[in-house]
Amino acid sequence: MTVLGSGYVGLTAAALFAASGIKTYIVDPNQERLDTIRQGKSFFYEVGLDALISKAIKDGNLLPTQSYSESVAKSSLVFSAVGTPDNPDGSSNLTYVFAAAKEAMLYMPDGTVYVQKSTVPVGTGQKIIELFKTSTTRLSYVSNPEFLREGCALQDSLWFDRIVVGGTNQEALKRIMALYKHIHEARLQLQTLSDIKPPKQVRAESYITTSLPSAELIKVTSNAFLSLKISFANSIAKLADKVGADITEVMSAVGADTRINPAFFNAGRGYGGGCFPKDVSGLIAAGLEYGVAMPILEASQAVNASMPGYIIEKLQLACGKSLKGCKVAVLGLAFKADTSDVRRSPGIAIANKLAKSGALVTCYDPEAMSEAKLELLSTVKLMASAKEALEHAEAVVIATDWQEFKDITAQQYASLLKKGILVDAVNCFNAVVVRKTGIHYIGVGRS
Ligand code: NAD
């Protein structure tokens with residue numbers, strides 16, 4: 001089989017397929033990424049992934065290449081996992097999706113199933129089906145949206161909530177489901193190889209077959225709803241700040257209602273990454289195309305956009321003066337813990353906003369330093385460790401809840417920070433314990 005695109009999704013899927021014993025080509029125009037894979041590694045940080053890649057490369061089951069003719073022509077299953085960034089107007093940029101489908105069409109043998117893993121707007125699959133009708137070979141199209149989360153991508157893939165496949169060709173749908181059942185059967189072997197622990201909570205592991213438009217809509221609707229939960233928690237957090245409530249108490253009790261569920265109710269600096277922001281704007285744009293307004297999602301975007309500034313205002317209020325010349329450490333530059341991905345990272349937005357307001361900013365992230373360097377203003381200083389960043393600071397903003405930052409004790413923060421202001425932009429500390437050390441603790445919605 002072939003996987004088109006060696007990014008977060010494509011490489012994870014290809015590594016799993018190949019490490020389970022299936023000969024898998026991974027195709028990407030990016031030679032640097034392919035060279036890294038050839039060395040048995042991933043270009044991004046994801047726990048357990050290097051072990052799978054290394055084994056699959058050694059066994060000759062993972063075959064990196066730039067060539068469609070070398071790979072697609074020898075495959076009966078072709079997965080597309082190319083990027084779908086957003087256009088300046090927020091709609092989905094499908095340039096890579098159509099370029100991959102068009103090139104694959106030139107080489108796919110009769111009977112090939114083309115599987116769309118990339119997140120695409122509803123209606124895209126039908127357009128590709130129309131394209132495939134112009135081919136002399138018989139091709140099937142299946143939508144198989146990806147739900148993995150960076151930072152626990154292998155855990156999510158091995159213990160999934162649901163596998164969704166959508167399309168009209170029943171044989172093709174069955175083939176894809178059979179592939180995932182094979183991965184499920186190989187789970188123990190893949191788990192041992194990657195040293196991934198099972199999730200604490202049991203996952204449903206449902207296999208769901210739907211129509212093509214339903215499958216396309218399921219993916220973006222899931223992400224839009226999760227973004228909504230975060231923005232909802234942040235809206236309530238702003239009120240909690242005014243009335244002396246603690247948002248962590250509020251949302252955990254609200255989420256204790258089984259109709260609601262506590263996941264994604266963490267108030268803080270808002271969502272980022274390569275998916276939520278663009279999937280929300282993509283859904284708004286898709287709605288507009290069909291004359292359906294989505295004010296609820298526009299509200300989610302507006303709340304999210306306000307959060308980095310809201311956090312900086314809190315810091316400024318605590319400092320009692322302008323932030324000009326104030327030494328601030330920002331810990332956490334990846335858009336979330338356990339990844340090196342900095343796409344639309346709130347930590348970077350906060351660091352750059354602070355620097356623009358004249359603060360002297362030092363930064364550190366356990367895995368995302370080289371990626372972050374490209375996104376940060378030149379006045380922001382990158383330090384070699386959390387301790388080094390803190391030693392130069394009067395205040396710290398914890399922007400990503402890496403375990404490494406939670407392992408630093410409140411006493412250590414108190415002694416390292418000159419002014420003792422700790423802005424917990426991810427609400428990951430026990431406010432009472434931290435305040436006991438004399439630190440001025442500022443959470444989001446925890447006044
Ligand atoms: P990415 O940007 O990390 O990777 C995309 C890769 O595709 C790049 O390496 C690029 O060089 C390659 N590419 C571009 N054009 C190509 C072509 N014609 N042929 C072969 N390769 C090509 O993207 P990603 O984060 O892996 O996301 C891929 C898709 O999966 C997106 O639609 C995204 O929304 C979706 N998704 C991502 C995640 C996630 O957590 N990253 C989760 C679920 C779904």
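## Working through a six-stranded sheet

V328 sits opposite A395 in β12. That pairing comes from a predicted model, and it makes a handy way into the exercises below.

**Exercise 1.** Work out which strand pairs with β12 through four bridges and holds V328, then find the partner of β12 that contains L422.

*Solution.* Start with V328, whose opposite number is A395 in β12. V328 falls within β9, which covers 327–331. β9 and β12 run parallel and share four bridges. Now go to V396: across from V396 is L422 in β13. β12 (residues 395–398) and β13 (residues 421–424) are also a parallel pair, again with four bridges. Backbone hydrogen bonds are what join the strands of a sheet, in either a parallel or an antiparallel way.

**Exercise 2.** Place those strands in the whole sheet and say which strands stand at the edges.

*Solution.* Write down the order: β11-β10-β9-β12-β13-β14, an open sheet of six strands with parallel pairing. Look at the two ends of that order. β11 (381–382) and β14 (440–442) each have a single partner strand, so one side of each has no neighbour in the sheet.

**Exercise 3.** Sort the residues of β12 by the way they point, and decide whether they are buried or exposed.

*Solution.* A395 and V397 go one way, while V396 and I398 go the other. Side chains in a regular strand alternate between the two sheet faces. As for burial, all of these β12 residues are buried. Next, see what lies across the sheet: helix α13 (residues 295–319) crosses β9, β12, β13 and β14. Relative to β13, α13 runs at about 160°.

**Exercise 4.** Compare the surroundings of S227 and I247, leaving out residues up to four places away in sequence.

*Solution.* Take S227 to begin with; it belongs to helix α10 (residues 212–243). Its relative accessible area is 0%, so S227 is buried. S227 touches Y271, F276, V280 and S300, and S300 falls in α13, which spans residues 295–319.

Then turn to I247 in helix α11 (residues 247–255). I247 has 1% relative accessibility, which means it counts as buried, the cut-off being under 20%. The contacts of I247 include A233, I236, A237 and A240, residue numbers that fall within α10 (residues 212–243). Also among its contacts are A267, N427, V444, G445 and R446.

Terms used: Residues are numbered from 1 along each chain as its sequence is written. This is a predicted model: local features need pLDDT of at least 70, side-chain atom pairs count only at pLDDT 80 or more; totals for chains, interfaces and linings use all residues. Side-chain values use heavy atoms; hydrogens and water are left out. Two strands pair if DSSP finds at least two bridges between them. Helices (H or I, at least four residues) and strands (E, at least two) are DSSP runs, numbered from the N terminus. Contact means heavy atoms within 4.5 Å. Axes are lines fitted to C-alpha atoms, for helices over the stretch in contact, and angles run from 0 to 180 degrees between N-to-C directions. Buried means under 20% relative accessible area, exposed over 50%, partly exposed in between (1.4 Å probe, protein chains only).
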